[in-house]
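Reader: I have a model open and some questions about its domains, ligand and strands. Please keep the answers short.

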Amino acid sequence: MPVETLPPAPNLADYAQARQYFSWAAAQRLLSGLPDGRGLNIAYEAVDRHVATGRGGHVAIRAIGRTGTRDLTYRELSVLSNRFANLLRSLGVGPRDRVFTLLGRQPELYVAALGCWKNLSVLSPLFAAFGPEPIRNRLLLGDAQVLVTTTTLYRRKIAPQRDRLRGLRHVLLIDAPDRPPDDTLDLRTALDAQSGEWTIPATSPEAMALLHFTSGTTGTPKGAVHVHEAVVAHHITAGFALDLRPDDVFWCTADPGWVTGTSYGIVAPLTHGVTLLADDGDFDAARWYQVLADNHVTVWYTAPTALRMLMRAGSDLASRYDLSALRHIASVGEPLNPEVIWWARQTYKLSVHDNWWQTETGAIMISNYPSMPVRPGSMGRPMPGIEATVLRCGDDGRAAVTDDQVEVLGVDQVGELALRPGWPSMFRGYLHDEFRYRKAFAGGWYLTGDLARIDADGYFWFVGRADDVIKSSGHLVGPFEVESALLEHPAVTEAGVIGVPDEVAGEIVKAFVTLRPGYQPGETLRAELIAFGRRRLGAVAPREIAFDQNLPHTSSGKVMRRLLKARELGLPEGDLSTLERAR
Ligand code: AMP
């Protein structure tokens, strides 16, 4: 093969060496920091640094919208985000104030995110497919002061409940009509009125930058707090796991409302100076291949559900497109079944590199690297700089803790996956919830809530969740939030929500409901409850409803979701000592 056609050497060429010589201080030196030693700011590393080093003319974002494609260079993105920062300041929005987005992958998302960081405000991106209830809960929990959204989303999901969102001072519409709805601003006009000059204020690496909501088994969603220093981890992990270099065309298909859509959909690719694709369309197999081919995508970061849907669409379809620019495929968010990897190897002539992380970790923690053989079914090995282990579990399925001591397990033993805290993108707390934050640590480890095992060669294998949260199409769904919404229906007196396996989505949400006296189970009520859930919760609503007048309870009166799940799957019911059938 002539030298110029050899594939480039991967960023992480030797795993053992990379781990041995790695230090976070050295990783930070790959970034430049704010001029004059004034700290570390995500927006500077993502955009302004490239302008300062002469790459301002490179395309930062290729936005594929419903009506066409728009390119934004690093310089244009720098100026637009300066305008957004000026706009925030003119509205009296300052450091630590929360700016929420409810958007797809429109250019304004990137402008708002970067402008928000330039102003030291905090970005909280929401999933636009959520219904009004999860949106309201998060806006209230996160003390939202600003919301950037579309006119349609505003009219459907925000306006009807605006009077309950008193702290929300400003709503900026990216596509406002000539006469914007009351109490909203037209973002385009507002940006045009602002200066494109801005000096990023001194930024402490510990300054709060991001608020990402995630779900637990009980209670309200948790707001995981991330700081500007996280950019060090975003950058280095994208170099190692996604193998990014400045000339790449990179496509991260994750929705911006979930952490992948920010860490690797906005921050990491821009810090590497790549061209990132922002595709605002819905999933459609043929269209996705067209996007990959037309834009000569070189690195593609996607999810198992999407790959399973592409597999269903068949290899023939894939063969009609020129995907020869593709160099690396990675996947995250849910278990990646080996069949998908085998199929991808045949179809794309490339393997799929699974990796693992979660909202709290802020960046990829465990990964299959391009320089290592992929073990289909394994999540890979820990990043350089990351110490991971599995801990023995107690009867409740979580790591057993006695006097703050835990037990590290040996080869192939299943336990709770745990990480040694201290990397830059580690969450710094759950907003307003110190108690839940503390509960996430024991014996010097951060407890992830996942079950895993480690094989003799140090590869990690996902076993399942240690708690009751559900992963549906890669989206983390808190059963409590779904149960609470169903309880608002007059027919429902109690609900238990679980995930049931689904070939494509991984899991789907299923609710077991107990009816109030006077209501009869039947197809009409089932359809009504599904529609009711959909209206309130949007995409995370239950897809299946079962009627059950005798839900199993623990002795403290909680619905035993674990037992509902065991019954649903025909599994042994396990230790029922805390079960009380009749209350
Ligand atoms: P989130 O915080 O929404 O990103 O969800 C994180 C959770 O998704 C993890 O705790 C896992 O349960 C699951 N997850 C993420 N990546 C993987 C993976 N590669 N394999 C299996 N499960 C995964």
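Reader: Which residues does UniProt give for the feature "domain: AMP-dependent synthetase/ligase"?
Author: This is a predicted model, in which local features need pLDDT of at least 70, side-chain atom pairs count only at pLDDT 80 or more, and totals for chains, interfaces and linings use all residues. Residues are numbered from 1 along each chain as its sequence is written, and side-chain values use heavy atoms, leaving out hydrogens and water. UniProt positions are given in this numbering, with shortened feature names, and annotations may be inferred rather than shown by experiment. The unreviewed UniProt entry places the feature at residues 51-431.

Reader: How far apart are the end C-alpha atoms over residues 51-431?
Author: Helices (H or I, at least four residues) and strands (E, at least two) are DSSP runs, numbered from the N terminus. On that basis residues 51-431 are 30% helix and 22% strand. The end C-alpha atoms of this stretch are separated by 34 Å.

Reader: What is the strand content over residues 481-558?
Author: The unreviewed UniProt entry annotates residues 481-558 as "domain: AMP-binding enzyme C-terminal". The end C-alpha atoms there are 15 Å apart. The chain over residues 481-558 is 28% helix, and its strand content is 35%.

Reader: Which strand supplies the largest share of the shell around the ligand?
Author: A residue is near the ligand if one of its heavy atoms lies within 4 Å of it. Of the 17 residues around the ligand, Asn355, Gln358, Thr359, Asp450 and Arg465 come nearest. Strands S14 (353-356) and S22 (460-465) each supply at least two residues of the shell. The largest share, three residues, comes from S14.

Reader: How far is an oxygen atom of the ligand from an N or O atom in the side chain of Thr359?
Author: A polar contact with the ligand is a pair of N or O atoms within 3.5 Å. A polar side-chain atom of Asp450 lies 2.9 Å from a ligand oxygen, and one of Arg465 lies 2.8 Å from a ligand oxygen. For the side chain of Thr359, the distance is 2.5 Å.

Reader: Which strands are the edge strands of the open sheet of nine strands?
Author: Strands pair if DSSP finds at least two bridges between them. The sheet has mixed pairing and the order S2-S1-S11-S10-S12-S13-S14-S15-S16. Each edge strand pairs on one side only, and the two are S2 (68-73) and S16 (381-382).

Reader: Which residue in S16 stands opposite Ile366?
Author: Strand S15 (residues 366-367) and S16 run antiparallel and are joined by two bridges. Opposite Ile366 in S16 stands Pro382.

Note on methods
A polar contact is a pair of N or O atoms within 3.5 Å; within protein, one must be able to donate a hydrogen and the other to accept it, and residues adjacent in sequence count only if both atoms are side-chain atoms.
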